[in-house]
Amino acid sequence: MRLAVVGAGKMGLSHLAILRSHPDLDVVGVCDSVGYVRDILTKYTGLTCYDDFDRMLVETNADAVVVAVPSKLHAPMVQKALMRGAHVFCEKPFVLDVSDGERLVALAESNRLVNQVGYHCRFVGAFQEAERIVASGALGRVHHVRAEAYGPVVLREKGSTWRGVKAEGGGALYDYACHAIDLMNFIAGVPDSVDGVVRHSVFSRDVDDEIYCVMRYADGASGQLSVNWSDESFRKMSTKVSVWGTNGRIVADRQECQIYLRETHPQLPEFGKGWTIRYTTDLTEEVWYYLRGEEYSAQIDYFAQSVKKNRLNGENTFRSALDVDRVVNMIAGAAPSGRPATPLRPATNGSPRGSFRRQIHARIRRLATSRAS
């Protein structure tokens, strides 16, 4: 399969390494706006590089396109690839505007083109096991689910990248919470509504760094979302999903899936009463090429196999990714209006703790003064 890549940033280069090692894929072009990146790739890989996406689509006549550009560019580039009749793998989040997503879903499905979004957590063995257990009915009636994502992405005030610009990346809500929401949708189903939304700007100026809210399901079940990408107590992104049912609970993260059953269930005879732990090393199938985690190679292979088999209703389709975008849109719409809180800045001299307290006291005095007036 002839495949082209647009975007040679962190994820684009990771995908490129995996794609070039896949036995069924032939990378025929790479497009990026940075001349230095194009020069280095051409020199050391021999790949044909482009600075014009339209020209690459025409000259390569690629069967499929991997879109790994900043989020605001997803919609126009995905549309161009689909209009050329190419199957598309798009990095997450799918789109920043739900109406764009609806249009692209219709376009891909009407042209019977394979489409997939890079929610790689669905290819982690522990999360797949959690989905299997919930789908079996072994937990009984599910009444609550909690999805969490924490990590050290934004830890100080600095010049923002595109991820920290509301119109380009959308901050933690669009770029980080989407992983937790997709896992919630995958394992427990798509919520109907959200409330109790709390959004904080810790260090960022234009976007949120942490998000908390309550989810509501049509059958009366509830959920919680807790996301913070300014948490340096984590070395890298950590995601976790917990599900409570009338017959037990499960807790799944990247490393393991813990299952507690009050009573055994005929659909899962391998699990007894009480706790059982399944480790992701036992649940994950070996991949031909390892980079950052088996799940990254697994999702690319899944996309390649979907194209070969003309599988149009597989995992992580545009339609399921649009469900994530709709939940994100509900959270954004439910948030209180007004300017985000100004980040608290550490002092350049003196005690950081004392400086923090002085800033808090100063804010309280300003607030009291404004109310008195």
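This is a short tour of a predicted model, going from the whole chain to a few places worth selecting.

**The whole chain**

Start with everything in cartoon view. The protein has 12 helices and 14 strands. Its chain counts 373 residues, and 49% of them are buried. If you like contact maps, take the contacts between residues at least 6 apart in sequence: 68% of these join residues at least 24 apart.

**Stop 1: Phe 89 and Phe 303**

Next, show the aromatic side chains; the structure holds six aromatic pairs. Select Phe 89 and Phe 303 to see one of them, an edge-to-face pair with 5.8 Å from centre to centre and 70 degrees between the planes. This pair links distant parts of the chain, with Phe 89 in strand S5 (residues 87-90) and Phe 303 in helix H10, 214 residues apart. Are these two rings buried or exposed? Phe 89 counts as buried because its relative accessibility is 0%, under the 20% cut-off. Phe 303 is buried too, with a relative accessible area of 2%.

**Stop 2: arginines over tyrosine rings**

Now select Arg 292 with Tyr 296. The charged end of Arg 292 sits over the ring of Tyr 296, at 4.8 Å from the ring centre. Then add Arg 311 and Tyr 302: here Arg 311 lies over the face of Tyr 302, 3.9 Å from the centre of the ring. Keep Arg 311 and Tyr 302 on screen, as both also belong to the lining of the largest cavity.

**Stop 3: the largest cavity**

How many cavities of 30 Å³ or more are there? The count comes to three, and the largest cavity holds about 40 Å³ of space. To outline the largest cavity, select its lining: Val 114, Asn 115, Gln 116, Tyr 302, Ser 306, Arg 311, Leu 312, Asn 313, Gly 314, Glu 315 and Thr 317. Colouring by secondary structure is useful here, since strand S6 (115-117) and H10 each supply at least two residues of this lining.

**Stop 4: Asn 316**

Finally, select Asn 316, in the loop between helix H10 (294-309) and helix H11 (318-334). Although it lies in a loop, Asn 316 is buried, with a relative accessible area of 1%. What does the side chain of Asn 316 make a polar contact with? The partner is the side chain of Arg 122, at 3.0 Å. Leaving out residues up to four places away in sequence, Asn 316 touches Asn 115, Gln 116, Val 117, Tyr 119, Arg 122, Phe 123 and Asp 182. Among these neighbours, Asn 115 and Gln 116 will be familiar from the cavity lining.

Terms used. Residues are numbered from 1 along each chain as its sequence is written. This is a predicted model: local features need pLDDT of at least 70, side-chain atom pairs count only at pLDDT 80 or more; totals for chains, interfaces and linings use all residues. Side-chain values use heavy atoms; hydrogens and water are left out. Helices (H or I, at least four residues) and strands (E, at least two) are DSSP runs, numbered from the N terminus. Buried means under 20% relative accessible area, exposed over 50%, partly exposed in between (1.4 Å probe, protein chains only). A polar contact is a pair of N or O atoms within 3.5 Å; within protein, one must be able to donate a hydrogen and the other to accept it, and residues adjacent in sequence count only if both atoms are side-chain atoms. Contact means heavy atoms within 4.5 Å. Rings of Phe, Tyr and Trp (its six-membered ring) pair if their centres lie within 6.5 Å; planes under 30 degrees apart count as stacked, over 60 as edge-to-face and the rest as tilted. A charge sits over a ring if NZ of Lys or CZ of Arg is within 6 Å of the ring centre and within 35 degrees of the ring normal. On a 1 Å grid over the protein atoms alone, a cavity is a set of points where a 1.4 Å probe fits but cannot get out, and a pocket is an open set with protein on both sides within 12 Å along at least five of seven lines; lining residues have an atom within 4 Å of a point. Grid points are joined across faces, edges and corners, and a volume is the space filled by probe spheres set on the points.
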